[in-house]
Amino acid sequence: MRLNVVCLALSVVAACGDNNENTPPDVPEGPRCAPTPGPLPTLGHFVDPLAVELAGCIEGGLGELPGRWFFRDPASTFDFFYPKFEGSCDTGFTRSFFPDDATDEAQVFTQFTWTDGTRWYQRRSFQFDNGGTPFEQTAARVVCMGANDTLIGATLRFDNDRGETLSPIIGSKFGVKDGPASGLTELGAINEISAGEPIIGYNVVVEGEFAYVVGPSGLTIVDVSTPATPVVVGQVAPDTSQDGNDGYNDVRVVTIGLKTVAYGAPLNGGCNETDVIDVTDPANPIKLTPIEGYSHSVQVVKTGNTAALYLANYTDKVPKYDLTNPVLPIRLGAAEIPGIVTGVHDLTVEGDHIYANYTESGMVALDISAGIDNAVEEGRIDTSYSHASWVATLSSGKKVLLHGDEGLSNSAEDGAAFLRILDGDPASPTYLDELSRYRSRKEVGIHNIQVVGDKVYLSYYQDGIRIVDIADPTQPTEVAHFNTWNAETAFGAAFEGAVGVRVANGHVFVADIDRGLIILDED
């Protein structure tokens, strides 16, 4: 998951006139809705709801607004969201996550929502004293209905450092892609650590009879020996201190000898350490001396009675640690990646090869046969946002490298996040060449990947779990899915639904933002 992504939630309150339900959306009838009563904002930027020119608006067209929508800024990889509007032209539109038109006592925060039936406008503004200098941070969004069930609009932003910016946005109707499930059955699920304390799942790994789920709720250890009735047995709560780890983005677990140890990558980018947690007794996890240095993702490669830990830390280096004694990782060095420093987000390791997901700089393959400090670049591929990868050898003997984007492509032709299937054999003359692509649909990004046998298991956010057969890597074929995202109750942020996936013990384990841990069985 991308670090530090902030989305503006939508809030709509409007009073509308009559609307003929049989009228096509591009030929509205009936009176135009009266503008929202009350004074407009007077301080700061973007105070006029009519100041932004929107071409192609249908007069009174917001009668077609209710329902779930997909919005994105075509020029941005991560500015997308899935709001839901409720109501009608008779009852008005409502969707509120924050108090409307609210001003606190210090006049620091204001929010304003306005509509005239043709355009909807929301403005949020923070104005405060920044060390003796007045500072303003204001964001506004304006939309109207266009032809063919589209919303036309713009996002406006201002702060004193960067000035004014305007980003066009487009919207289209959105919902759950297909039926609830095909080829997968839910065996069990658990969504609470204790009563009223939810499990927010960002990733999951399984070691023995225990699943380790991480997210803003910390590290939750779940006994999954009976998949139909998973039970929480241990917990490492987030550290809410100023410099503490406010939860985990990623986790890996390894058993060496008599010790089982978890390595937790922190959510807090300012937390300059990676946690080492003794989970030998799952009911009593113990935090040990942490590894000095932040990580966003972690990878463990086990070989016999030892293992190695690799950190993806949003820099141009990939540190490696020896885990012969898993409670005391020893740094061996770091592979350096040449080129623009956009930062390593995630990685996978196969033998002497590291595949580093280098965000906007694509996926980079490194040869470390001469040692971790002497890494040599073998090649790279360009992507919209290189997020995750996995190396596998298929039943045919063919080696493949699976690559997933997270954000959405800025290309009008592509417009989506793809699973790319690449030649993964370093000895092949077509090494890293693209063999084929798969995508669920262009409005949703991919999160995590695992290959088992000839099948790819994908945690696909709003499109749930997707299983793709790649026995013929030039012809990927979806063979099963399980939808976890609820279009009726979801908040509508870019990152929701199925986030982590792990196949273990003959089952599919899913870390879900809203549902916690879900355990599936293939039919």
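Two strands pair if DSSP finds at least two bridges between them, and strands themselves are DSSP runs of E with at least two residues, numbered from the N terminus. Keep that handy for the exercises below.

This is a predicted model, where local features need pLDDT of at least 70, side-chain atom pairs count only at pLDDT 80 or more, and totals for chains, interfaces and linings use all residues. Residues are numbered from 1 along each chain as its sequence is written, and side-chain values use heavy atoms, with hydrogens and water left out.

**Exercise 1. Work out how β28 and β29 pair, and then place them in their sheet.**

Step 1: Check the pair. β28 runs alongside strand β29 (residues 353–357) in the antiparallel sense, with 5 bridges. Want one to look for? Asp-346 has Asn-357 in β29 as its bridge partner.

Step 2: Build the sheet. It's an open one of 4 strands, in the order β28-β29-β30-β31, and the pairing is antiparallel.

Step 3: Find the edges. β28 (346–350) and β31 (376–381) each have a single partner strand, so one side of each has no neighbour in the sheet.

Step 4: Add the twist. From one strand to the next it averages 20°, taken between axes that are lines fitted to C-alpha atoms, with angles from 0 to 180 degrees between N-to-C directions.

**Exercise 2. Find the partner strands of β39, with a residue pair for each.**

Step 1: Start with strand β11 (residues 181–182). It pairs with strand β39 (residues 477–482) in the antiparallel sense over 2 bridges, and Ser-182 sits opposite His-481.

Step 2: Move on to strand β38 (residues 465–469). Its pairing with β39 is antiparallel too, over 5 bridges, and here Val-468 faces Glu-478.

**Exercise 3. Describe the disulfide between Cys-57 and Cys-144.**

Step 1: Apply the rule. A disulfide is a pair of cysteine sulfur atoms within 2.5 Å. The sulfur atoms of Cys-57 and Cys-144 are 2.0 Å apart, so by the definition they form one. The count comes to 1 disulfide.

Step 2: Get the handedness. The torsion about the S-S bond is about -80°, so this disulfide is left-handed.

Step 3: See what gets joined. Cys-57 is in the loop between β1 (12–13) and β2 (67–72), while Cys-144 is in strand β8 (residues 133–146), so the bond ties together parts 87 residues apart in sequence.

Step 4: Buried or exposed? Buried means under 20% relative accessible area, exposed over 50%, and partly exposed in between (1.4 Å probe, protein chains only). Cys-57, at 26%, is partly exposed, whereas Cys-144 is buried at 0%.

**Exercise 4. Explore the second largest pocket.**

Step 1: Know the term. On a 1 Å grid over the protein atoms alone, a pocket is an open set of points with protein on both sides within 12 Å along at least five of seven lines, and lining residues have an atom within 4 Å of a point.

Step 2: Get the volume, which is the space filled by probe spheres set on the points. For this pocket it's about 620 Å³.

Step 3: List the lining. There are 26 lining residues, and the closest to the centre are Arg-252, Gln-299, Val-300, Trp-390 and Arg-502.

Step 4: Which element gives the largest share of the lining? That's β28, with 5 residues.

Conventions: 1 Å grid on protein atoms, 1.4 Å probe; cavity = no way out; pocket = protein on both sides within 12 Å on 5 of 7 lines; lining within 4 Å.
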